[in-house]
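Please look through the sequence and the model below before reading on. The report then describes how the chain is arranged and where empty space is left inside it.

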Amino acid sequence: MGRSIPSFRHLIEIERSNWSEFKKELSTKKEKEAFDIIFKNAKLYTQYLSNANRPVPIEPIMMGALFHNYKTLLKLSKEENVNEDSLKPILVNMEKQKPLAKELFDKTCERWRSLLYAVHKNDRERLLNMFADCCVSLDDGAAKMLIDKGSESNISILFFFCLVLHNQKLIERIKNSVKNGENMKTKGTLLGCMD
């Protein structure tokens, strides 16, 4: 008898197990808990991520974890109302001022098309906004490097790294606004932290 293909939920557990040595080397209990949360957050999107059709399971797992973090950051900054109308001006501006960033955005959307079609409309708009925010935040040199890389896995890893950097900038901005007693709404949108 042939083997059945494991479910994506099972693939998440396999991948988590593959990274267990890494987790053991984390120095604090808090870091180990954060590690577990990454995989827990990815499981929230199992239904969608299983449609991502990525040959390396860690790619959709990372996308799910990063997307969940992005949505959390939107809530913390009180900018949850991301929609298609708010995305259009960003894309038009990107095309005029940062054509390489727009090209990277288009390639990223193409690469993750099956995921974009699988998620609900609100999450699709947020996911597209996350891609756009990340692409806008890159200098043309970084965008060009991502576009020019031949290997798809290199592009994924580099793009994930850019998303992590983007999320970190948002976290720092939120921390600073809380520290200074400011309201995020008075400081502009999340894109404002990319200056």
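The report goes from the overall fold to the core, then to the empty spaces, and ends with two buried side chains and a note on confidence.

**Overall arrangement**

The model is a predicted one, and its mean pLDDT is 80, with 87% of the residues reaching 70 or more. The protein has eleven helices and zero strands, so that the order of elements from the N terminus is α-α-α-α-α-α-α-α-α-α-α. Of the 195 residues in the protein, 40% are buried. Among the contacts between residues at least 6 apart in sequence, 70% join residues that are at least 24 apart.

**The nonpolar core**

The largest nonpolar core has 48 residues, and those with the most contacts inside it are Met63, Phe105, Leu115 and Phe131. Helix 5 gives the most to this core, namely eight residues. Phe105 can serve as an example of how such a residue is surrounded: when neighbours within four places in sequence are left aside, Phe105 is in contact with Leu91, Met94, Leu128, Phe131, Ala132 and Cys135.

**Empty space inside the model**

Rolling a probe the size of a water molecule over the atoms shows where empty space is left. The count comes to one cavity of 30 Å³ or more. The table sets this cavity beside the largest pocket.

| Space | Volume | Residues from helix 5 | Classes in the lining |
|---|---|---|---|
| Largest cavity | about 60 Å³ | three residues | eight nonpolar, one polar, no charged |
| Largest pocket | about 620 Å³ | eight residues | 16 nonpolar, four polar, two charged |

The lining of the largest cavity is made by Tyr45, Tyr48, Leu49, Met63, Gly64, Phe67, Leu115, Val119 and Leu127. Two elements, helix 4 (46–49) and helix 5 (58–76), each give two or more residues to this lining. Met63 and Leu115 are therefore worth finding in the viewer, because both line the cavity and both are among the residues with the most contacts inside the largest nonpolar core.The largest pocket is lined by 22 residues, and those nearest its centre are Ala34, Ile38, Leu66, Asn69 and Val164. Helix 3 (29–43), helix 5 and helix 11 (152–179) are the elements that give two or more residues to the lining of the largest pocket.

**Two buried side chains**

Is Asn41, a residue of helix 3, buried or exposed? Asn41 has a relative accessibility of 10%, and because buried means under 20%, Asn41 counts as buried. Leaving out residues up to four places away in sequence, Asn41 touches Gly64, Ala65, His68 and Asn69. The C-alpha atoms of Asn41 and Phe67 are separated by 8.9 Å, although the two residues are 26 residues apart along the chain.

Glu125 lies in helix 9 (residues 121–137), and with a relative accessible area of 8% Glu125 is buried. Which residues does Glu125 touch, not counting those up to four places away in sequence? They are Val82, Asn83 and Glu84.

**Where to read with care**

Over residues 184–195 the pLDDT stays under 50, and the model has 30 contacts beyond four places in sequence for these residues. Where pLDDT is low, the predicted coordinates should not be read in detail.

Note on methods:
Residues numbered from 1 in each chain as written. Heavy atoms only, no water. 1 Å grid on protein atoms, 1.4 Å probe; cavity = no way out; pocket = protein on both sides within 12 Å on 5 of 7 lines; lining within 4 Å. Points joined across faces, edges and corners; volume = space filled by probe spheres on them. Nonpolar A, V, L, I, M, F, W, Y, C, P; charged D, E, K, R; others polar. Core = buried A, V, L, I, M, F, W, Y, C linked by side-chain atoms within 4.5 Å. Buried < 20%, exposed > 50% of the residue type's maximum accessible area, 1.4 Å probe, protein only. Contact = heavy atoms within 4.5 Å. pLDDT = per-residue confidence, 0-100.
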